Amino acid sequence: MPAYMAFLAFLALLLYLLVRLLNCHSTPDKPSLFHGESTLVAKILEQCPILYQCYDPPSLWGRSGHLQTAMYSLLGRVNSPFPRGERRSVLMHDGATLSFDVFQPLASHKNEGDYTLIVVPGLGNSSESVYIRTLINYMQNLGYRVAVLNHQGALKTEKITAPRLFTYGGTEDLALMVQTVLTLFPSTTLIGVGFSMGGNILCKYLGEDSKHCRRFLCAVSACQGYDAVRALGLLMRWDNFRRAYIWLMTENMKRIVRRHQDVLCTIDCNHGDKPSSSRVDLQQTLASTSLIGFDEYFTRRAAGYDSLIDYYRDHSSARVINNIKIPMMLVNAKDDPIVPSELLSCAYEYVEISVLR
């Protein structure tokens with residue numbers, strides 16, 4: 001083959017890969033909405049046209065979710081705001097320390113009411129995460145107080161005080177934060193916001209006990225997976241580069257373990273009679289390349305579960321989400337690389353049951 005033909009073939013291949021990477025061949029769609037008919041829904045749709053408008057992405061990199069993620073992680077660190085808040089710490093019954101930050105409103109709310117956002121970040125995130133800082137600043141300027149849960153072990157500057165980290169669906173920290181916020185601001189009305197794993201924790205908390213919903217006006221969950229048991233067979237696939245994202249998330253979890261390894265290594269000190277399959281294995285944990293491996297060797301054992309299936313089932317919001325009686329918005333992306341569309345049946349079922357109430 002002549003040299004110029006080989007060059008053209010290489011150029012064509014490069015162009016093809018670039019088009020696929022930038023997702024240039026795709027056409028943005030309008031969001032698909034599933035909801036009941038009510039005065040509240042009609043008012044929300046009237047005041048939030050973004051919910052049904054077609055997304056207009058940036059021309060160069062905006063059609064690719066992968067590049068959007070990469071660009072935001074780079075530009076967000078430069079341009080994101082740094083809101084100032086007050087850190088609150090509460091010692092828990094097991095010796096762990098609850099940590100959350102409260103950010104006061106920077107303007108009066110248009111309804112002249114007292115509203116507090118209860119924000120639950122995603123896996124390994126905290127009030128210091130870029131996207132959380134952006135949300136805080138935006139809501140402060142709209143007249144909302146914002147309280148953000150810092151997951152156990154997520155803060156780089158604070159050591160854990162008990163041998164445990166956050167879990168996929170553990171609600172004990174969120175419950176205590178809500179209780180403390182209501183003690184500090186007894187007349188406030190709560191609005192819940194959860195991202196990814198945080199959306200699962202928020203929905204699980206609200207669905208576990210009807211009393212948990214009493215002070216909440218409404219709640220929003222963004223990008224959660226609902227059912228970790230169903231996700232087991234999907235997380236290791238390469239669809240939409242899912243396996244690569246899972247590896248990156250696992251590496252982040254391993255960094256958290258290393259940061260607190262001196263405390264975490266004492267988990268089984270008082271349980272010498274445990275079988276090896278129930279004892280935390282830090283060596284295998286730090287060798288894990290997926291969240292499934294990480295949860296098998298660390299999370300489910302630290303939480304006292306005999307099997308990963310039992311741990312995932314108990315910690316999934318799918319078990320209790322249909323018990324939530326307050327207005328709830330569930331937001332998911334059809335092309336989310338981490339949460340495939342197969343996991344969204346739980347959200348559709350929730351809407352159907354809510355409509356029939």
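**A surface patch, a parallel strand set and a buried glutamine**

In this predicted model, a nonpolar patch on the surface is formed by Met 5, Phe 7, Leu 8, Phe 10, Leu 11 and Leu 14, which together have about 600 Å² of accessible area. One of these residues, Leu 8, belongs to helix 1, spanning residues 3-22. Leu 8 has a relative accessibility of 46% and therefore counts as partly exposed, since that class lies between the 20% limit for buried residues and the 50% limit for exposed ones.

A contrasting environment is found at Gln 140, a residue of helix 4 (residues 130-140). Its relative accessible area is 3%, so Gln 140 is buried, the cut-off being under 20%. Beyond its neighbours within four places in sequence, Gln 140 is in contact with Pro 83 and Arg 84, and also with the run Phe 103, Gln 104, Pro 105, Leu 106 and Ala 107.

The strands may be followed next. Strand 5 (residues 189-195) pairs with strand 6 (residues 216-222) in the parallel sense, over 6 bridges. Within this pairing, Ile 191 has Cys 218 of strand 6 as its bridge partner. The connection from strand 5 to strand 6 passes through helix 6 (residues 197-208), giving a β-α-β crossover that is right-handed.

Strand 6 is also joined to strand 7 (residues 328-331), by 4 bridges, and these two strands run parallel. Here Val 220 has Met 329 in strand 7 as its bridge partner. In a regular strand, side chains alternate between the two faces of the sheet.

Notes: Residues numbered from 1 in each chain as written. Predicted model: local features only at pLDDT ≥ 70, side-chain atom pairs only at ≥ 80, totals over all residues. Heavy atoms only, no water. Buried < 20%, exposed > 50% of the residue type's maximum accessible area, 1.4 Å probe, protein only. Contact = heavy atoms within 4.5 Å. Patch = residues over 30% accessible without salt bridge, like charges linked within 9 Å, V, L, I, M, F, W, Y side chains within 5 Å. Areas by Shrake-Rupley, 256 points an atom, 1.4 Å probe, with all protein chains shown as cover. Salt bridge = Lys/Arg side-chain N within 4 Å of Asp/Glu carboxyl O. Pairing = 2+ DSSP bridges. Right-handed = clockwise from strand over helix to strand, strands pointing away.
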